[in-house]
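This briefing is for a reader who is new to the structure shown below. It goes through the cores, the main pocket, one helix, and a few single residues.

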Amino acid sequence: MTFRIRPTSLFIFLFSTLFLFSLCGDPVKLKSTGKAGELLVVCSDAVWNSAAGDTLRYYLSKELEGLPQQEELFLLVHLKPKDLSGILEQHRNILFLDIKTNAEVPVSYKEDKWAAPQLIVNLAAKDTMELVEVIAKNGDFLGDYYNNEERKRLIAAYSRITDKDIQSKIKTRFDFDLTVPEGFFLAYDMDGFMWIRRESAEMTQGIFIYTTAYTDSNTFNGINIIQLRDSLTRKYIPGPSQGSYMATELAFPGVFKSVELAGNYAREIRGLWRIEGDFMGGPIISYAVYDKENNRIIYLNGFVYAPRFDKREYLRQLDAIMHSLKLEGKKA
């Protein structure tokens with residue numbers, strides 16, 4: 001005997017299933033909008049044009065360190081509360097500034113409220129001067145918070161389009177993992193020095209990697225890190241003309257910071273590079289990561305060459321790749 005399902009019955013079944021799922025399951029989030037490095041600030045004109053707005057701009061649109069030209073940490077886009085609707089609610093980064101007499105919680109956070117991935121922060125105070133204090137107290141943290149979120153989004157996106165061949169070569173050579181997206185190619189891999197590159201009509205991105213044994217805390221001295229880097233780039237990264245090579249631009253002092261990377265202590269250096277013997281240069285960011293389990297230092301260095309374009313987002317992309325570092329346990 002053969003049973004046949006009529007189209008009408010099938011439609012009712014599917015509709016009922018979807019209806020029940022909508023009641024029991026989580027709703028599907030819309031994809032967030034907005035450009036990387038863009039932050040939507042929702043507040044009244046009075047707040048935006050007040051000391052609170054000035055304080056916010058001081059912290060979140062300040063000049064980004066380690067770039068050859070002026071670029072802001074974030075591009076702040078002001079929007080009045082009544083205009084926040086539709087696709088604007090789907091923006092990836094939203095910051096509310098509220099002044100209300102019953103404000104009790106000065107800082108609150110919400111992820112993926114209207115879209116995913118999305119980060120929403122609300123700063124609230126009883127009056128303008130109190131809001132200034134809230135912003136000043138949390139300004140640096142907010143910059144790091146939004147920046148870390150942008151980095152996580154990039155790592156997640158890159159994990160879906162990885163170059164498995166390059167990742168395998170990194171794993172074989174150094175015994176750790178990096179999430180490297182498609183588009184990079186292997187420029188050099190010898191003598192414990194690896195250099196991967198990505199080229200387009202508008203820019204060049206590069207990451208070069210090497211390791212040394214850990215000896216003492218002087219390993220993390222910024223000058224020592226730069227001197228080691230320069231000795232290797234002179235040997236392995238040539239410039240376009242005969243005898244030219246990559247070197248640190250020592251006229252720029254560089255920005256040094258202690259950070260955590262892959263759960264371990266690391267020294268971050270942001271600065272500029274140049275081609276000795278030629279007229280090329282750009283930003284570079286380096287990490288010296290202490291691999292405690294294997295008593296070694298892992299050096300990750302990302303640089304950008306894009307003479308006619310802003311470089312913030314190109315550098316952010318490399319920073320995300322380097323922050324995807326995953327270390328193995330102690331070698332046998």
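Which residues does Leu-95 touch, not counting residues up to four places away in sequence? Leu-95 touches Leu-39, Leu-40, Val-41, Val-42, Leu-56, Leu-60, Val-121, Leu-123 and Tyr-146. The model is a predicted one, and the points below are grouped by topic.

**Nonpolar cores**

- The largest nonpolar core has 58 residues.
- Leu-95 is one of the residues with the most contacts inside this core, a group that also holds Leu-56, Leu-97, Leu-123, Ile-170 and Phe-176.
- Helix α4 supplies the largest share of this core, with 8 residues.
- A second core, separate from the largest one, has 19 residues, including Leu-232, Ile-237, Met-246 and Trp-273.

**The largest pocket**

- The volume of the largest pocket is about 650 Å³.
- Its lining is made up of 25 residues, and those nearest the centre of the pocket are Leu-73, Asp-144, Asn-147, Lys-257 and Arg-270.
- At least two lining residues come from each of α4, β13 (255-261), β14 (264-276) and α7.
- The most is given by α4, with 7 residues of the lining.

**Helix α4 and Tyr-145**

- Tyr-145 is part of helix α4, which covers residues 128-158.
- Tyr-145 has a relative accessible area of 24%, so this residue is partly exposed.
- Apart from neighbours within four places in sequence, Tyr-145 is in contact with Tyr-109, Glu-111, Leu-119 and Val-121.
- Tyr-145 and His-323 are 178 residues apart along the chain, and their C-alpha atoms are separated by 15 Å.

**Helix α7**

- Helix α7 (residues 312-323) has 12 residues, which should span 16 Å at 1.5 Å a residue.
- The end C-alpha atoms of α7 are 16 Å apart, in agreement with the expected span.
- Because 12 of the 12 residues of α7 are buried, the helix is largely enclosed by the rest of the structure.
- Among these buried residues are Arg-312, Glu-313, Arg-316, Asp-319 and His-323.

**Arg-92 and its surroundings**

- Arg-92 sits in the loop between β3 (75-79) and β4 (93-99).
- Arg-92 counts as buried because its relative accessibility is 17%, and the cut-off for buried is under 20%.
- The side chain of Arg-92 makes a polar contact with the side chain of Glu-150, at 2.7 Å.
- Beyond its neighbours within four places in sequence, Arg-92 is in contact with ten residues' worth of surroundings that include Ser-32, Lys-35, Pro-117, Leu-119, Glu-150 and Arg-153.
- Between Arg-92 and Glu-38 the C-alpha to C-alpha distance is 8.2 Å, while the two are 54 residues apart in sequence.

**Backbone features in loops**

- Ala-116 and Pro-117 are joined by a cis peptide bond, with omega about -5°.
- Pro-117 belongs to the loop between β6 (115-116) and β7 (119-125).
- Ala-262, in the loop between β13 and β14, has a positive phi near 55° although this residue is not glycine.
- Ala-262 counts as partly exposed, at 33% relative accessibility.
- Asn-295, in the loop between β15 (281-291) and β16 (296-305), is another residue other than glycine with a positive phi, near 50°.
- Asn-295 also counts as partly exposed, at 40% relative accessibility.

Terms used: Residues numbered from 1 in each chain as written. Predicted model: local features only at pLDDT ≥ 70, side-chain atom pairs only at ≥ 80, totals over all residues. Heavy atoms only, no water. Helix = DSSP H or I, 4+ residues; strand = E, 2+ residues; numbered from the N terminus. Buried < 20%, exposed > 50% of the residue type's maximum accessible area, 1.4 Å probe, protein only. Contact = heavy atoms within 4.5 Å. Polar contact = N/O pair within 3.5 Å; in protein donor to acceptor, adjacent residues only side chain to side chain. Expected span 1.5 Å × (residues − 1). Core = buried A, V, L, I, M, F, W, Y, C linked by side-chain atoms within 4.5 Å. 1 Å grid on protein atoms, 1.4 Å probe; cavity = no way out; pocket = protein on both sides within 12 Å on 5 of 7 lines; lining within 4 Å. Points joined across faces, edges and corners; volume = space filled by probe spheres on them.
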